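Let's take a walk over the surface of this protein and then look into its openings. Keep the structure in view as you read.

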Amino acid sequence: MAATTEGFVWIGLQQPTSEDIATLAEELSLPSLAVEDAVRAHQRPKLERYDDVLFAVLKPVRYVDHDEVLETAELALFLGPHFVVTVRHGNSDVLGQVRRELDQPDCPLVAYGPAGVLYRAADLVVDGYEAALESINVDVDDIESQVFGNDDSDHGERIYKLKREIAEFRRAAVPLSAPVQRLAAGTVPGVDKKLAEHFRDVHDHVLRTIDAIEAHDRLLSDVLQADLSRLSVRQSELALKQNEVTARQNEDMRRISAWAAIGLAPTAIAGVYGMNFDNMPELRWEYGYFGVLAVIAAFCLTLYVLFRRNGWL
C-alpha cells in the first residue's frame, strides 16, 4: 500500500452511492459527515480538516454558449497522508487532466503529495471560471448592444436568464475564496507551505472572477431596467396612438350621427305624407307643399346649428 512507500494512491469515484463508498471509507477512516456530503453532493465549495484527513469541495463550471447555460459539476476530495479519494458529480475533465499531468515524467506536483492534487484541481477549476467569464462577456455585450440599439424586441427573458446563470456562477465561485485564502496563508495542516505561493495565485484569480461576476450582475440589472423603461415608453407611445385613433373614430361617429339625425327629419316628414290617406287636409292646402318644405328646412337648420355649437359638425 502507498503508506509503505513515498507515493500516494488515488482512487476516483463518479456519483457513488453510500454502499459504493462504505468499504473504502471504513478502510481509509474517512470522516462520516464528509462522506455523506460527498455522496449527496449539492455542497458549497469548502475546506475542512478531520484529524489527518483534509476534505475539500470544488465546483467546476462550463458555459454552453449556444444555449447560454452554465453547467456546474462538483468535486469532493479526501486528502490523507498517502491517499487521495475523489468523488465527481456532473461532467468535468478537471480530475482527468490532473491525472494526465501526474502521469508525465518528472511532474512537479508529485513532490507535494496529495496536496499537489488539490492545488492543481483548484487551479484548473479557476481557469475554467475565467474561460466561462470570457463567453459570458460576449453575451452580455451582445444584449447590451441590442437594448441600447435600434432593436425594439423584448429582451427581458434573455436578460433574466443570464442573471440566473450568473447567480449560479456566484454560488460556485464566491464560497471558494475563503478556503483558498486559508491555503494561501499556509496555515492548513498537511499542506506543504511551499504550495502557499501557488495558492495565492489561485486566490488572486478567484477574487478577479468574483469581481467580474458582481460587475456583470450589476450591469445586467441596469440593462434590464433600461429595457423595461424602453418597453414602457414604447407601450405609452402605442397607447397614445391608440387613444388618438379612438378619438378620431369617436369624432367621425359624432359627425355621422349628426348628419343622420339631420337627414331623419325630412325622411320622417316625407314618410308621413307618403302614406296616401284620403283624410289628410294638408294635401288640399294650396301652400301645403311649400309649408312642408319650410318646416323641413327649419328643422334641419336648427339641428345643424345645434350640432355645430356642440362641436359635432
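A residue is called buried when its relative accessible area is under 20%, exposed when it is over 50%, and partly exposed in between. Keep in mind that this is a predicted model. With those cut-offs in hand, turn to V305, which sits in helix α8. Its relative accessibility is 39%, so V305 counts as partly exposed.

V305 also has company: together with W259, L301 and Y304 it forms a nonpolar patch on the surface. The accessible area of these residues together is about 400 Å². Helix α8, which spans residues 288-309, is the main contributor to the patch, giving 3 residues.

Now for the pockets. Rolling a probe the size of a water molecule over the atoms shows where empty space is left. The largest pocket has a volume of about 200 Å³. Among the residues lining the largest pocket are H42, R44, K59, E74, H89, E168 and R171. Sorted by class, this lining holds 5 charged, 5 polar and 2 nonpolar residues.

The second largest pocket encloses about 170 Å³ of space. Its lining includes P60, V61, R62, E71, N91, V94, L124 and V125. Three elements give two or more residues to that lining: β4 (61-64), β5 (69-72) and α4 (114-147). Of these, α4 provides the largest share, with 3 residues. By class, the second largest pocket is lined by 6 nonpolar, 4 polar and 2 charged residues.

As you compare the two linings, look for T72 and A73: both line the largest pocket, and both also line the second largest pocket.

Notes
Residues are numbered from 1 along each chain as its sequence is written. This is a predicted model: local features need pLDDT of at least 70, side-chain atom pairs count only at pLDDT 80 or more; totals for chains, interfaces and linings use all residues. Side-chain values use heavy atoms; hydrogens and water are left out. Patches are made of residues with over 30% relative accessible area and no salt bridge: like charges are joined within 9 Å, nonpolar side chains (Val, Leu, Ile, Met, Phe, Trp, Tyr) within 5 Å. Accessible areas come from the Shrake-Rupley method with a 1.4 Å probe; for residues, only the protein chains shown count as cover. A salt bridge is a side-chain nitrogen of Lys or Arg within 4 Å of a carboxyl oxygen of Asp or Glu. Helices (H or I, at least four residues) and strands (E, at least two) are DSSP runs, numbered from the N terminus. Buried means under 20% relative accessible area, exposed over 50%, partly exposed in between (1.4 Å probe, protein chains only). On a 1 Å grid over the protein atoms alone, a cavity is a set of points where a 1.4 Å probe fits but cannot get out, and a pocket is an open set with protein on both sides within 12 Å along at least five of seven lines; lining residues have an atom within 4 Å of a point. Grid points are joined across faces, edges and corners, and a volume is the space filled by probe spheres set on the points. Ala, Val, Leu, Ile, Met, Phe, Trp, Tyr, Cys and Pro count as nonpolar, Asp, Glu, Lys and Arg as charged, and the others, Gly among them, as polar.
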